[in-house]
Amino acid sequence: AAAEKGGYQWFMDKEIHEQPKAVADTLLGRTDASGALILDELRMDTAVLRRTDKIIVIACGTSAYAGHVAKYAVEHWCRIPVEVELASEFRYRDPVLTERTLVVAISQSGESMDVVMAVRHAREQGAKVLAICNTQGSTIPREADAALYTHAGPEVAVASTKAFLAQITACYLLGLYLAQLRGNMFADEVRGVLRQLHQMPEAVQTVLDRTEDVRKLARELADAKSVLFLGRHVGFPVALEGALKLKELAYLHAEGFAAGELKHGPIALVEDGQPVFVIVPSPDSRDSLHAKVVSNAQEVRARGARTIVIAEDGDDAVLGSADVVIRVPRVPTLMAPLVTVVPLQVFAMEVASAKGLDVDQPRNLAKSVTVE
Ligand code: G6P
């Protein structure tokens with residue numbers, strides 16, 4: 001078993017370290033020699049994709065957060081409204097679907113029963129379904145109209161890591177493909193974003209090469225009663241994912257919030273010593289996104305929180321509001337989730353490890369939930 005884990009103590013640790021490859025392999029073969037995007041493998045009628053007027057992403061757990069990240073990029077690139085919904089909720093309401101709705105079902109395993117049922121429900125209403133899946137030949141891509149595979153390789157640890165990065169990558173490829181097809185982006189612009197994506201494996205590797213501080217912090221905070229995570233824009237789903245990882249692995253109460261919602265309730269939770277992770281966007285980000293999040297960090301810190309700030313290399317504006325700074329390399333705003341989530345994964349794994357818990361097989365959870 002030690003050999004299977006490639007020298008790591010946990011499959012999760014191994015899989016976290018396979019993330020640069022998961023992103024690279026998911027990009028592999030999807031551009032031609034000139035750097036242009038090719039997704040002929042989709043085998044979905046381009047007329048259908050051209051007339052799509054709404055996208056609904058359905059998924060569970062971490063896969064749903066990948067969809068949540070993708071919403072920001074796809075709406076920005078394609079100007080198509082994107083809804084993200086938990087499969088278990090989608091199935092039991094009365095969703096408004098037409099033949100112009102594209103339902104994107106994201107699932108690592110391809111077997112989550114909530115997603116299977118949601119896919120059937122969507123197809124019965126006449127919507128087209130595209131599966132983003134990591135497992136060849138599994139139920140969800142088989143039942144969908146088309147599939148785009150992630151190439152993360154088999155994921156063994158119950159808590160998803162490398163599949164998440166691969167799902168974001170695949171969703172971005174789909175978004176760029178749609179934008180190109182529909183004339184929302186010029187071929188050159190698409191090439192530019194693809195180049196950014198191709199740089200991400202290296203950026204993720206840089207984060208992995210510097211996890212010592214976050215591991216140390218995890219051991220210090222292993223006795224915390226609750227941990228909060230704040231983010232805005234694409235940092236919001238990253239905050240949700242950071243909290244989910246901590247719940248799953250460390251059995252620790254954790255919550256992710258949209259940083260802008262703080263003042264509408266969650267800030268009342270903050271008391272002396274409360275650990276709060278703040279995912280800070282790039283100082284290059286649009287509008288005043290960066291300044292807003294830095295001031296959110298200040299607000300909680302002024303109320304006694306211990307702030308752990310995830311910020312880009314060279315971003316000194318965070319220093320005044322951070323008890324601990326965790327550095328990630330500089331990347332474009334929409335690419336940031338691929339780097340900022342990594343320290344949160346390592347943190348959760350390390351807290352669980354410090355508590356003597358089974359990182360790969362947390363209590364009460366299954367890798368793939370095949371019942372509704
Ligand atoms: C389970 C796993 C999660 C995973 C979710 C969705 O709850 O424990 O790690 O994110 O299922 O799985 P899927 O295979 O559909 O992506």
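**Helix packing and ligand shell in a predicted model**

Helix 4 and helix 12 pack with their axes 9 Å apart, at an angle of about 165 degrees. An angle over 145 degrees counts as roughly antiparallel, and helix 4 and helix 12 are therefore roughly antiparallel to each other. The model is a predicted one. The secondary structure of its chain comes to 14 helices and 10 strands. The points below cover three helix pairs, the ligand shell and the overall dimensions.

**Helix 4 with helix 12**

- Helix 4 and helix 12 cross in a left-handed sense.
- On the helix 4 side, the contact is made by G61, T62, Y65, H68 and V69.
- On the helix 12 side, the contact residues are P237, L240, E241 and L244.
- By class, the contact of helix 4 with helix 12 has five nonpolar residues, three polar and one charged.

**Helix 12 with helix 14**

- Helix 12 spans residues 235-250 and helix 14 spans residues 336-354.
- The two helices pack with their axes 9 Å apart, at an angle of about 15 degrees.
- That angle makes helix 12 roughly parallel to helix 14, because angles under 35 degrees are counted that way.
- The crossing of helix 12 past helix 14 is right-handed.
- Helix 12 brings G235, P237, V238, E241, G242, K245, L246, L249 and A250 to the contact.
- Helix 14 brings A336, P337, T340, V341, L344, Q345, A348, M349, V351 and A352.
- The residues of the contact of helix 12 with helix 14 comprise 13 nonpolar, four polar and two charged.
- P237 and E241 of helix 12 appear in the contact with helix 14 and also in the contact with helix 4.

**Helix 10 with helix 14**

- Helix 10 covers residues 200-208, and its axis comes within 9 Å of the axis of helix 14.
- These axes cross at roughly 25 degrees, which makes helix 10 roughly parallel to helix 14.
- Helix 10 and helix 14 make a right-handed crossing.
- M200, A203, V204, V207 and L208 are the helix 10 residues in the contact, and they meet L338, V339, V342 and P343 of helix 14.
- The contact of helix 10 with helix 14 has nine nonpolar residues, with no polar and no charged ones.

**Ligand shell**

- The ligand is surrounded by 16 residues.
- The closest of these are G61, S107, Q108, S109 and S112.
- Helix 4, residues 61-78, gives the most to the shell, with three residues.
- G61 is among the closest residues to the ligand, and G61 of helix 4 is also part of the contact with helix 12.
- The shell divides into nine polar residues, six nonpolar and one charged.

**Overall dimensions**

- The chain has a radius of gyration of 20 Å, which agrees with the value near 21 Å for a compact globule with 372 residues.
- Along the principal axes, the C-alpha atoms of the chain fill a box of roughly 55 × 45 × 45 Å.

Methods: Residues are numbered from 1 along each chain as its sequence is written. This is a predicted model: local features need pLDDT of at least 70, side-chain atom pairs count only at pLDDT 80 or more; totals for chains, interfaces and linings use all residues. Axes are lines fitted to C-alpha atoms, for helices over the stretch in contact, and angles run from 0 to 180 degrees between N-to-C directions. Helices (H or I, at least four residues) and strands (E, at least two) are DSSP runs, numbered from the N terminus. Angles under 35 degrees count as roughly parallel, over 145 as roughly antiparallel, 65 to 115 as roughly perpendicular and the rest as oblique. A crossing is left-handed if the near helix is turned anticlockwise from the far one by less than a right angle, and right-handed if clockwise. Two residues are in contact if their C-beta atoms, placed from the backbone, lie within 7 Å. Ala, Val, Leu, Ile, Met, Phe, Trp, Tyr, Cys and Pro count as nonpolar, Asp, Glu, Lys and Arg as charged, and the others, Gly among them, as polar. A residue is near a molecule or strand if its C-beta atom, placed from the backbone, lies within 6 Å of it. The radius of gyration is taken over C-alpha atoms; the globule rule is 2.2 Å times the number of residues to the power 0.38.
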